[in-house]
Amino acid sequence: MITMMRGMLTCRWAARRIQRYLDADPAALLDPAEVARLRAHLAACARCGRRVEEYARLSRALAAWSRVHAPQPQVLARVHQAAERIMTEDPG
């Protein structure tokens, strides 16, 4: 029972860090001890390993989709202009 509870808590701990680990976002990096612990857990836990595979597939799919469905430059320019106008308006 204790082993099962420890495993569940470790999976929960890992789940909160997997995305940060995969993204390697400099603003939210894991410390080296967390990376080592997470890698050890992923090597031993099929469930969390599948979660990493799902994130990787999703990331690849989104990257492929964005290459095919890139916004038109003129649309982006209009959005930037509108945002600039909103930001420079006097609120009061």
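In helix H3, three residues are buried: Cys48, Gly49 and Val52. The model is a predicted one. H3 has 23 residues. From its first C-alpha to its last it reaches 33 Å, close to the 33 Å expected at 1.5 Å a residue.

**The core**

Cys48 and Val52 also belong to the largest nonpolar core. This core has eleven residues. The others are Cys11, Trp13, Ala14, Ile18, Leu30, Val35, Leu38, Leu42 and Cys45. Three helices, H1, H2 and H3, each give two or more residues to this core. The largest share, four residues, comes from H1. In soluble globular proteins, nonpolar side chains tend to be buried together.

The helices that supply the core run as follows.

| Helix | Residues |
|---|---|
| H1 | 2-23 |
| H2 | 32-44 |
| H3 | 46-68 |

**Two core residues up close**

Take Ala14. Leaving aside neighbours within four places in sequence, Ala14 is in contact with Leu38, His41 and Cys48. Of these contacts, Leu38 and Cys48 are listed in the core too.

Now Leu30. Where is Leu30 found? It lies in the loop between H1 and H2. Is Leu30 buried or exposed? Leu30 counts as buried because its relative accessibility is 11%, and buried means under 20%. Not counting residues up to four places away in sequence, Leu30 touches Arg17, Arg20, Tyr21, Val35 and Leu38. Val35 and Leu38 are core members as well. Ile18 is another core residue. Leu30 and Ile18 are twelve residues apart along the chain. Their C-alpha atoms are separated by 9.7 Å.

Definitions and conventions. Residues numbered from 1 in each chain as written. Predicted model: local features only at pLDDT ≥ 70, side-chain atom pairs only at ≥ 80, totals over all residues. Heavy atoms only, no water. Core = buried A, V, L, I, M, F, W, Y, C linked by side-chain atoms within 4.5 Å. Buried < 20%, exposed > 50% of the residue type's maximum accessible area, 1.4 Å probe, protein only. Contact = heavy atoms within 4.5 Å. Expected span 1.5 Å × (residues − 1).
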